[in-house]
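Reader: I've just opened this one and could use a hand. Can we go through it together, piece by piece?

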Amino acid sequence: MTRRMIIMIGCVLLLVAALALGKFLQIRALIAAVPKPGPQTVSTVEVQKLQWQSQFSAVGTLNPVRGADLSTEVAGLVRQVHFKSGQDVKAGALLVELNADSDIALLHAAEAAAAQATTVLKRDQAQLAVQAVSQAQIDADTNDLKAKRAQVEQQAAVVAKKSIRAPFAGRLGITTLNPGQYVNAGDKLVTLQTLDPIYVDFTLPQQQLAGLAVGQMVNLGVDAFTGQAFSGKINAISPKVDATTRNVQVQATVSNPKQQLLPGMFATVKIDIGGAREQLTLPSTAVTYNPYGSSVFVVKTADAFKAATAPAASASGAAPAAPAAAANANAPSGQQLVAQQVFVETGPTRGDQIAIVKGLEAGQVVVSSGQNKLKNGTPVTVDNSVQPTNSPNPTPQEK
C-alpha cells in the first residue's frame with residue numbers, strides 16, 4: 001500500500017513538472033516573438049563652455065518719482081480750466097479756477113476791518129501820549145488788530161483754495177473737466193505724474209540680499225518696447241524682509257529722458273552679480289526634472305555604453321571608455337548609438353539656456369529633444385534638422 005502511494009505521488013509530481021516546463025517554454029517563445037523596438041529619433045546638442053554673467057531676475061512695477069491725483073479741498077463751480085489733457089506743466093502753474101466771488105468779497109470786508117483796527121490803534125496810541133486813554137485800551141486795540149489780520153489770512157486761504165495749482169512739475173493726464181461744472185470737495189480733477197526719472201519697484205528673495213547694494217546697476221525691459229533696454233541704479237533697499245513671502249523690496253531709479261516709460265507698466269528687471277565666468281551650458285529642454293534629481297541623456301556608441309556600464313570595468317583595471325564627445329552623431333559607420341542617462345546638477349538660467357554645474361564635460365553630446373521616450377541604453381538615431389531654441393536673450397517672433 002505504501003509503495004503504491006509513493007508511485008502515485010511521483011507520477012503526480014512528474015505531471016506537474018511537465019506542465020510547468022511546457023508553460024515556461026510557451027512564455028519564453030512569446031517573449032522571443034515580441035519585436036524589439038527600433039532606435040528612437042532624437043535631436044542632439046554639444047555641451048558648450050560659454051561666458052556666463054550671473055544675474056538676479058525679478059518682475060517689477062514702474063512708479064513715478066512724484067505722482068498724485070489732484071483734487072479740490074472745497075466745493076465750487078468751475079470758472080476756468082487753464083490746461084489741456086496730456087500737457088506738461090511747471091510747479092505752481094494754475095490749473096483750475098473755481099468761482100470765488102463771495103469769498104473775495106468776504107476777504108475785502110476782512111481787510112477793511114483790519115484797516116479800521118489799525119487806525120483805531122494809532123489814534124489811541126496818540127491819546128495815550130497825553131494820558132487820554134489807559135494802557136489797557138492800547139492792549140485791547142492791539143489784540144483786536146491781530147484778530148482782524150488773522151481773519152484776513154484765513155479768508156485769503158479760502159480764496160486760494162479756489163485756485164488749484166500744480167504742486168510739482170510733470171505731465172497731466174486726461175480730464176473731462178469743463179467750465180460751469182460743479183465739483184465737490186475731494187473729487188478727482190486730473191492726474192499729474194513726473195516721468196523723468198522714474199522708479200521701478202521689485203522684490204527679491206532674502207537669500208539674494210547679500211548680492212545687492214545701493215548704487216548697483218540694473219537693466220530692465222518692458223513689453224511696449226521689445227528689444228530696448230533701460231538702465232538705472234538701485235537707490236533704496238528696504239530694511240525689512242516680508243515675514244510672509246521672505247522677500248525684500250528694492251527700488252531703482254531709471255533715467256527716462258524720452259518719457260517712454262509710464263507709471264504702472266510691468267517690467268522685467270535684471271541685476272548683474274559679479275564678473276562674467278565660464279559655464280557649461282545646454283538648452284533648457286535637454287534637462288529632465290524628476291523628484292529624485294535632474295538628468296540628461298548622453299549619446300554614446302554601443303561599445304562605449306557597454307564599457308561605461310560594465311560593473312567590473314573599473315575593478316578589473318580595464319581601459320576607460322572613450323569620451324562621449326567621440327561617440328556622437330559622427331560615429332563610425334555601422335556603430336549603433338545609444339542614450340545613457342546621466343544625473344546632473346543645474347545652475348542659473350538665462351533665456352533658453354541653463355548652466356550645468358556638475359555631471360557633464362565640454363564636448364559631450366546630449367539629447368536636446370525626444371528624451372521623453374528614452375531610458376538608459378535605448379538605441380537612438382540623430383536628426384538635427386529641427387533644433388529647440390538655445391538663445392541667451394530670446395525675443396518674441398511675431399508675424
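**Reading the strands**

Author: Sure, and keep in mind that this is a predicted model. Let's begin with a small pairing: strand β5 (residues 76-81) runs antiparallel to strand β7 (residues 94-98), and three bridges link them.

Reader: Which residue in β7 is the bridge partner of V81?

Author: Look for V96; that's the β7 residue bridged to V81. V96 also stands opposite I164 in β8. That fits the next pairing, where β7 and strand β8 (residues 163-165) are joined by three bridges, again in the antiparallel sense.

Reader: And which strands close into a barrel, and in what order?

Author: There are six, and going round you meet β3-β12-β15-β14-β13-β16, with antiparallel pairing. Ignoring direction, neighbouring strands of this sheet are turned by 40 degrees against each other on average. For a close look, try β14 (residues 230-241) and β15, an antiparallel pair with six bridges. There, V241 stands opposite V248 in β15.

Reader: How do I read the pLDDT of the protein chain?

Author: The general idea is that where pLDDT is low, the predicted coordinates should not be read in detail. Here the protein chain averages 85, and 91% of the residues score at least 70. Over residues 312-330, though, the pLDDT is below 50; that stretch has 20 contacts in the model beyond near neighbours in sequence.

Reader: Which elements have the lowest and the highest mean pLDDT?

Author: Helix α4 (residues 302-309) has the lowest, at 80, while strand β15 (residues 247-254) has the highest, at 94. You've met β15 already: it's one of the barrel strands.

Definitions and conventions
Residues are numbered from 1 along each chain as its sequence is written. This is a predicted model: local features need pLDDT of at least 70, side-chain atom pairs count only at pLDDT 80 or more; totals for chains, interfaces and linings use all residues. Side-chain values use heavy atoms; hydrogens and water are left out. pLDDT is the predictor's confidence in each residue, from 0 to 100. Helices (H or I, at least four residues) and strands (E, at least two) are DSSP runs, numbered from the N terminus. Contact means heavy atoms within 4.5 Å. Two strands pair if DSSP finds at least two bridges between them. Axes are lines fitted to C-alpha atoms, for helices over the stretch in contact, and angles run from 0 to 180 degrees between N-to-C directions.
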